[in-house]
Amino acid sequence: MTQPSAPAAPVRFSDGEVERYARQLVLSEIGGPGQQALKRARVLIVGMGGVGNPAALYLAAAGVGTLGLIDDDTVALSNLQRQIAFTADDPDRAKVEAGAERLNALNPHVTVQSFNQRITPDSAAALMQDFDLALDGTDDFETRLAVNAACVAAGKPLVSGALGRWSGQVSVFEGRPCYQCLVPEVPPDAETCARVGVVGALAGVIGAMAALEAIKLITGAGEPLTGRLMLYDGLAGTSRVAKIAADPACPVCASAHA
Ligand SMILES: [Zn+2]
């Protein structure tokens, strides 16, 4: 992940925060510096759906300092089977409003910014000036391609999670290859969870994997899934990782990273 050129000012933690993050502070790959990086980090969660919900909960719990939530939808009763940030009182409320309330209740040290709007190429470009990283869990390819283009233009990493029925995938894009190299154009028969169904626990798996990749990018721990696609088959209980090839003709990243 791109680091600011000037050294960042140290972040002070209250006693309550030190206790709250104790299990991360003892990890050699995170520790104090990683926890400070998490607190300084600004992550944009694109879509408060099946992937965005668990991802946002885990990132708030981990102590990511600023979480942006963007979604123009309201909570439906049929969301509660997998969108676990919402409660039975939330149907008809704006997802970003109900989500922000829940994240603040989980961790009051996190600043949550809500954007109750549909993401467009222009709004994605503007938002990525203000955030360090995007985590996209939407099931809408036009949104995904817009977020990808904004991340490439801003030089910011993108964590991408998708799922349907019993299987899902997670990948990280930093420059080239980009998401558009993987999905060159909007598939004509794109499936959505509403049409094909999805098991709620699978959303938890994929959302948590996406949150883990974001935590790795922010703290520098381990090897992020950059340029790799993790495919998880929940029915078979198997996973595999495939390398993503850069498209030489990609209109988004080929010229930007020639
Ligand atoms: Zn590309």
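P177 sits in the loop that runs between β6 (167-173) and α8 (179-182). The peptide bond leading into this proline, from R176 to P177, is cis, with omega near -5 degrees. The model is a predicted one, and that applies to this cis bond as much as to everything else described here.

Backbone oddities turn up in other loops too. D92, in the loop between β2 (66-70) and α5 (95-106), has a positive phi of about 80 degrees although it is not a glycine. Its relative accessible area is 68%, so D92 counts as exposed. R165 belongs to the loop between β5 (158-164) and β6, and here again phi is positive in a residue other than glycine, with a value near 50 degrees. R165 has a relative accessibility of 40%, which means that it is classed as partly exposed.

Zooming out, the protein's secondary structure adds up to 10 helices and eight strands. As for overall dimensions, a compact globule of 258 residues would have a radius of gyration near 18 Å, and the 17 Å of the protein agrees with that. Laid along the principal axes, the box filled by the C-alpha atoms is roughly 55 × 50 × 40 Å. Of the contacts with a separation of 6 or more, 68% join residues 24 or more positions apart. Buried residues account for 49% of the 258. The exposed surface comes to about 12100 Å², with carbon and sulfur atoms supplying 53% of it. On the charge side, there are 20 positive and 27 negative side chains, and the centres of these two sets are 5 Å apart.

Now for the interior. In soluble globular proteins, nonpolar side chains tend to be buried together. In this model the largest nonpolar core has 45 residues, and the members touching the most others are V43, I45, L59, L67, L69 and L135. The biggest contribution to this core comes from helix α10 (residues 200-219), with nine residues. Another core lies apart from it and holds 21 residues, including I119, L127, F131 and C151.

L69 gives a good feel for the packing. Leaving aside residues up to four places away in sequence, L69 touches I45, M48, A56, V96, G99, A100, L103, V112, Q113, S114 and F115. One of these partners, A56, is also among the buried residues of α4.

That helix deserves a look of its own. Nine of the 11 residues in α4 (residues 52-62) are buried, so the helix is largely enclosed by the rest of the structure. The buried set is made up of G52, N53, P54, A55, A56, L57, L59, A60 and A62. L59 appears again among the core residues that touch the most other members. Just after α4 comes G63, whose phi is positive, near 95 degrees.

Helix α3 (residues 31-40) brings in another proline, P33. With 65% relative accessibility, against a cut-off of over 50%, P33 counts as exposed. P33 and P10 are separated by 23 residues in sequence, yet their C-alpha atoms are 8.9 Å apart in space.

Terms used: Residues numbered from 1 in each chain as written. Predicted model: local features only at pLDDT ≥ 70, side-chain atom pairs only at ≥ 80, totals over all residues. Heavy atoms only, no water. Helix = DSSP H or I, 4+ residues; strand = E, 2+ residues; numbered from the N terminus. Rg over C-alpha atoms; globule rule 2.2 N^0.38 Å. Buried < 20%, exposed > 50% of the residue type's maximum accessible area, 1.4 Å probe, protein only. Contact = heavy atoms within 4.5 Å. Areas by Shrake-Rupley, 256 points an atom, 1.4 Å probe, with all protein chains shown as cover. Lys, Arg positive; Asp, Glu negative; His and termini not counted. Charge placed at Lys NZ, Arg CZ, Asp CG, Glu CD. Core = buried A, V, L, I, M, F, W, Y, C linked by side-chain atoms within 4.5 Å.
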